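Work through the two exercises below with the coordinates open. Each task is followed by a solution in steps.

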Amino acid sequence: MKIKKLAVLLTAAALTASAVAGCSGTKETEAVASGAGTGTAAETTAGTTSAETTAAENTAEESGKEEAADAMAQEDEENYDTGDASKDNTRNQDGIGEDELLVVSFGTSYNDNRRLTVGAIEDAMEKAFPDYSVRRGFTSQIIIDHVKSRDNVAIDNVGEALERAEKNGVRNLVIQPTHLMDGLEYTDLVNEVAGYSDAFDKVAIGKPLLTTDDDFKAVMKAVTEATAEYDDGETAICFMGHGTEADSNHVYAKMQDMLADAGYKNYYVGTVEAEPGLEDVLAKVKEGSYKKVVLEPLMIVAGDHANNDMAGDGEDSWKTAFEGAGYEVTCLVRGLGEMEKIQQLFVEHAQAAVDSLSK
């Protein structure tokens, strides 16, 4: 590698409904990025404090749990049709040029949903930034390996995407993660990019979906507009996020508070892996006089968690729990990435990163 000047600039900026699916579950490999704080690449690699060590340990433990669950899900997945992989643009082509916009996602092995969420966000980036070559990087190697084994489709991991960029002579690299929050996976991404500090002239990393108060308001507007037809006073509309043991789990409580403050009294937010959990959300719903419940994932993609933990027929699913409590349940199995307003919010974050390169 040639030694070049690096400017890693972490930026921020300030989302229409889409396909409604039924409550039948299918299996998949998927999770939403989660975790605690971040800084510039230089800051995150300058030294290892005890807090950073703890964060790293939490990352390893959390990733291990997610990947183990993913592996078990994949063992059963072959019995289900996840869609036509050939319709998805993996965006791992060469011929990039000097300017690249790398969209980084955890990933999903649900072919149709990958195209409708991650692919749609990438399409929006391509439209918004015609002077940049848009490429893809996934952080879950298990998903990458599974898609390759099952469908013979190759998707770059982040390291491979960065190597491809370097070999193609990219000078200005903008990275836009599709993470929900500024957390452990985001920090991991920043650290990995720092390892390529001598490969590019300039690098800018865009912020995750929920970063500023304006971001929260935009996401809230998108999800409430997408579910407005169900908000009839007799229906509780419940969103299921992934959740994390890290401090950034507070985004779910913040979204709940903002919904309540904005007058959306029939909206509830919970998580599948942390607090508030299913029991907490169910208890809140029981305090009302609802007859029906709508369930929808608060996740970029609608994968294993959405199809099974939320909408599945298993005894531990949210659907089963609410039906057992006497409610009529409707499941909206769609990822946030399907919504145009969410796609545009990611575009705004990427625009802030692009703008930062000229400062």
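**Exercise 1: a helix pair**

In this predicted model, the axes of helix α8 (residues 213-226) and helix α13 (residues 340-356) come within 9 Å and cross at roughly 165°. Classify the relative direction of α8 and α13, give the handedness of their crossing, and list the residues in contact.

Solution.
1. Angles over 145 degrees count as roughly antiparallel. The crossing angle is roughly 165°, and α8 and α13 are therefore roughly antiparallel to each other.
2. The crossing of α8 and α13 is right-handed.
3. From α8, the contact uses Asp215, Ala218, Val219, Lys221, Ala222 and Glu225; from α13, it uses Lys341, Ile342, Leu345 and His349.
4. Sorted by class, the contact of α8 with α13 holds five nonpolar, four charged and one polar residue.

**Exercise 2: aromatic pairs**

Rings pair if their centres lie within 6.5 Å, and the count comes to five aromatic pairs. Assign the geometry of Tyr264 with Tyr267 and of Tyr268 with Tyr290, then state the burial of each residue.

Solution.
1. Tyr264 and Tyr267 have ring centres 5.5 Å apart and planes at 80°; planes over 60 degrees apart count as edge-to-face, so this pair is edge-to-face.
2. Tyr264 is partly exposed at 28% relative accessibility, whereas Tyr267 is buried at 2%.
3. Tyr268 and Tyr290 are also edge-to-face, at 6.1 Å centre to centre and 85° between the planes.
4. Tyr268 lies in strand β7 (residues 267-271) and Tyr290 in the loop between α10 (278-286) and β8 (292-297), 22 residues apart.
5. Tyr268 is buried at 11% relative accessibility, and Tyr290 is buried at 12%.
6. Ring pairs also link Phe239, Tyr264 and Tyr267 into a cluster.

How values were computed: Residues numbered from 1 in each chain as written. Predicted model: local features only at pLDDT ≥ 70, side-chain atom pairs only at ≥ 80, totals over all residues. Heavy atoms only, no water. Axes fitted to C-alpha atoms, helices over the stretch in contact; angles between N-to-C directions. Helix = DSSP H or I, 4+ residues; strand = E, 2+ residues; numbered from the N terminus. Parallel < 35°, antiparallel > 145°, perpendicular 65-115°, else oblique. Left-handed = near helix turned anticlockwise from the far one by under 90°. Contact = heavy atoms within 4.5 Å. Nonpolar A, V, L, I, M, F, W, Y, C, P; charged D, E, K, R; others polar. Phe/Tyr/Trp six-rings, centres within 6.5 Å; stacked < 30°, edge-to-face > 60°. Buried < 20%, exposed > 50% of the residue type's maximum accessible area, 1.4 Å probe, protein only.
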